[in-house]
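The following report describes the strand arrangement of one model and the surroundings of a selected residue.

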Amino acid sequence: MIPTQRDIQAFFQIWRNRLLFKLLTIRRLRRRKKLKRHFQGSFSHEAFPYRYSAGRYTTLFLAGLKEGKLLASRCANCKTTLVHCRQICGNCFRAMSEIVELLGTGQLISYTQVSFPFVDPFTGQNRPVPYCYGMILLDGADNAFQGLLNVRYHHHLKNGLPLRVVFHKKRKGHIGDIKYFKILKTIQ
Ligand SMILES: [Zn+2]
């Protein structure tokens, strides 16, 4: 049987499609491999380098952290003290101009245990879990501040426990300058 022109065309069409499919599959697999390498590298070993403007009052607070101080804004009108430093009083909406230093002690008012593993955006490394995180009412302040706690498991915690801020020895004016809040009393 002699193949017609249509048969020859169909034959070449099939082979062309097969070749194209193979080439696309190879490209797709290469891309997938490259992406996997990229994500393995960037997600587990590198921090995301970004910078943003902290604003005038948060800059004051961060500069205080560098010196090992917790600074707050105090309202001259209603005497409310808010940490961190801010421009407007949340209670009476007047401008806050007074900056005060807090003692760094306080009490735990709420807490949670973080058990889900994730990459710490500050370091680019997996943060060891579990760890505890809490809302803290600092002595002299009227609002809650949040931070890491020096315990790993929630059964070592209860509301009302006294605590104290602990700074890193080397500080750079960053929220990470606060190492953790140390619980000063153990529960039985
Ligand atoms: Zn006020």
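The model is predicted: local features need pLDDT of at least 70, side-chain atom pairs count only at pLDDT 80 or more, and totals for chains, interfaces and linings use all residues. Residue numbers start from 1 along each chain as its sequence is written.

Helices (H or I, at least four residues) and strands (E, at least two) are DSSP runs numbered from the N terminus, and two strands pair if DSSP finds at least two bridges between them. An open sheet of three strands has the order β2-β1-β3, with antiparallel pairing. Its edge strands, β2 and β3, each pair on one side only. A further open sheet, of five strands, follows the order β6-β5-β4-β7-β8 and is also antiparallel; its edge strands are β6 (144-148) and β8 (178-183).

| Antiparallel pair | Bridges | One bridged residue pair |
|---|---|---|
| β1 (residues 70-74) and β2 | two bridges | Ser-73 and Leu-82 |
| β4 (residues 105-114) and β7 (residues 162-167) | three bridges | Thr-105 and Arg-164 |

The loop between β1 and β2 contains Ala-76. Ala-76 is exposed because 11 other C-beta atoms lie within 10 Å (buried: 20 or more; exposed: 12 or fewer; partly exposed: in between; C-beta atoms are placed from the backbone). Leaving aside neighbours within four places in sequence, Ala-76 is in contact with Ser-97 and Glu-98, contact meaning C-beta atoms, placed from the backbone, within 7 Å. The C-alpha atom of Ala-76 is separated by 31 Å from that of Leu-148, 72 residues apart along the chain.

Technical notes: Two residues are in contact if their C-beta atoms, placed from the backbone, lie within 7 Å.
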